Amino acid sequence: MKYKKYYILLALVLLSIVLVFTSGEAKITGSCANCHTMHNSQNNATMATYGATGQPWKGTGPFSSLVRGDCLGCHGMGTSNKIVTIGGSEIPQVYHTDPSGDLAGGNFAYITGAKGSGASDGKGHNVKDLGNSDDVLNTAPGVISVAGHDIVITDTNLTCAGYMGCHGKRYDDTHQTRGIPMLKGAHHSNVDGKCDVDPATAYAYNSYRFLVGVKGLESTGTYKYQNYNANNHNEYFGASSPLELGCSDTSCHGGTSFTYSPNGSISVFCGTCHGRFHDRSEMGGISSPFKRHPTDVILPNSGEYSAYTTYSVEAPVARTTVPDSISNIVQPGTDVVMCLSCHAAHGTNYPDILRWDRRSIIVAGGGSGGCFTCHTQKAAP
């Protein structure tokens, strides 16, 4: 009887584990060996198998956390598919040549010229993982210089994740670590869909796209990871008023331990590097006329702006409350202009990582899209 009780207890424990790991959250599935290797060796060959031949980031390993490839090793394979399946898990690609389009964050391949109208450093974020340093910019444009500040983003240290990066925990006082280790728990515990937790207590796994503290609703289903059309896209979170950025708990830093967006806004997250472009004073206040194009401001419910009512993935808006479902409606007077209204994160085929070619936006020249999505009356002859 005693052993029978133990078996019953063990069965209940195992059942609880199965229930936890088969919940509605989308996590990495399949064999552990799809992503991990114990000694980076099998049949006298290295296990760093991901990535296309000739890509500098493929490497031979071993890699931290016993993984078979670094960030781009898995997410930048350089194939003709924007989503690759490994062992039953979908792996979104940020470096690819898929002719059908890109994922919502854009594509580093435009920087190197593997895709698009030609290589250009101005078409994306030159993360060091690419092995392609920026020949034009040395530091992040719009950076706010602070005396004694030891975190300086440059063209040679910007990376995908961790210290000097965007994804995962970005900085702590004792472990200035890059890459996979700073994403601990993210791939195994990933919250898929709505991410709406307190930024101060957020982790990578329950933050929007593993951007710690950022809120949003991730696209799922057939068009997962994509801003496909008005009915299938990510929903971004924005604030109704821009912050005064600087080194304090109420601006771009969350205390002294790590950097994140304290209010959950995607624009404030961008502002942790590009501060001058998102700072309230630098923009010229919270109302027109602005000195810099505003972000985290409400799209006016008047004049030409009031005509933007159907969601456009060419100039997306943010919401002041993270919604439960995707909406194809834009509400001037309620929805928010954000940095991603004009730019993509990884790369585009246009200068300054814009979503469109600014040189084709001709005032009084007719046309649609781009700047004219919000500034609807300026296209008319």
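This is a short walk through the side chains of one predicted model, from cysteines to charges, rings and a serine.

Start with the cysteines. A disulfide is a covalent bond between the sulfur atoms of two cysteines. How many disulfides does the model contain? The count comes to zero. Cys-35 shows why. The closest cysteine sulfur to that of Cys-35 belongs to Cys-74, and the two sulfurs are 5.7 Å apart. A disulfide needs sulfur atoms within 2.5 Å, so the gap from Cys-35 to Cys-74 is too far for a bond. Cys-35 is partly exposed, at 24% relative accessible area. Cys-195 is buried, because its relative accessibility is 1% and buried means under 20%.

Now turn to the charged side chains. Side chains of opposite charge can pair when their charged atoms come close. The whole structure holds 13 salt bridges. One of them joins Lys-215 to Asp-196. Their closest N and O atoms are 3.7 Å apart. This counts as a salt bridge because the limit is 4 Å. The partners sit 19 residues apart and link distant parts of the chain. Both Lys-215 and Asp-196 lie in the loop between strand 3 and strand 4. Strand 3 covers 194-195, and strand 4 covers 216-217. Is each partner buried or partly exposed? Lys-215 is buried, with 16% relative accessibility. Asp-196 is partly exposed, at 37%.

Move along to Arg-319. Its salt bridge with Asp-335 brings the closest N and O atoms to 2.8 Å. This pair also links distant parts of the chain, with the two positions 16 residues apart in numbering. Arg-319 belongs to strand 9, residues 318-319. Asp-335 is in the loop between strand 9 and strand 10, and strand 10 spans 336-337. Arg-319 is buried, with a relative accessible area of 7%. Asp-335 is buried too, with a value of 3%. Which residues make up the network of salt bridges around Arg-319 and Asp-335? Glu-235 joins them, and the three are linked in that network.

A further salt bridge connects Asp-352 with Arg-358. Here the N to O distance is 2.5 Å. Asp-352 is partly exposed, at 42% relative accessible area. Arg-358 is partly exposed as well, at 43%.

Asp-98 is a charged residue without such a partner. Find it in the loop between strand 2 (89-92) and helix 3 (109-112). Asp-98 is buried, yet it has no salt bridge. Why not? The nearest side chain of opposite charge is Lys-82, 4.9 Å away, and a salt bridge requires a distance within 4 Å, so this pair does not count. Asp-98 does have a polar contact. Its side chain meets that of Ser-100 at 2.7 Å. What else does Asp-98 touch, leaving aside residues up to four places away in sequence? Its contacts are Thr-79, Ser-80, Asn-81, Lys-82 and Lys-115.

Next come the aromatic rings. The structure has three aromatic pairs. One of them is made by Tyr-203 and Tyr-205. Their ring centres are 5.9 Å apart, and the planes meet at 20°. The pair is stacked, because planes under 30 degrees apart count that way. Tyr-203 is exposed, at 53% relative accessibility. Tyr-205 is partly exposed, at 27%. Tyr-223 and Tyr-228 are stacked too, with planes at 15° and centres 3.9 Å apart. Tyr-223 is partly exposed, with a relative accessible area of 24%. Tyr-228 is also partly exposed, at 44%.

Finish at Ser-267. It lies in helix 5, residues 266-271. Is Ser-267 buried or exposed? Ser-267 is buried, with a relative accessible area of 1%. Gly-238 is 29 residues away from Ser-267 in sequence. In space, their C-alpha atoms are 7.0 Å apart. Setting aside residues up to four places away in sequence, Ser-267 touches His-278, Thr-295, Asp-296, Met-338 and Cys-339.

Key:
Residues numbered from 1 in each chain as written. Predicted model: local features only at pLDDT ≥ 70, side-chain atom pairs only at ≥ 80, totals over all residues. Heavy atoms only, no water. Buried < 20%, exposed > 50% of the residue type's maximum accessible area, 1.4 Å probe, protein only. Helix = DSSP H or I, 4+ residues; strand = E, 2+ residues; numbered from the N terminus. Lys, Arg positive; Asp, Glu negative; His and termini not counted. Polar contact = N/O pair within 3.5 Å; in protein donor to acceptor, adjacent residues only side chain to side chain. Contact = heavy atoms within 4.5 Å. Phe/Tyr/Trp six-rings, centres within 6.5 Å; stacked < 30°, edge-to-face > 60°.
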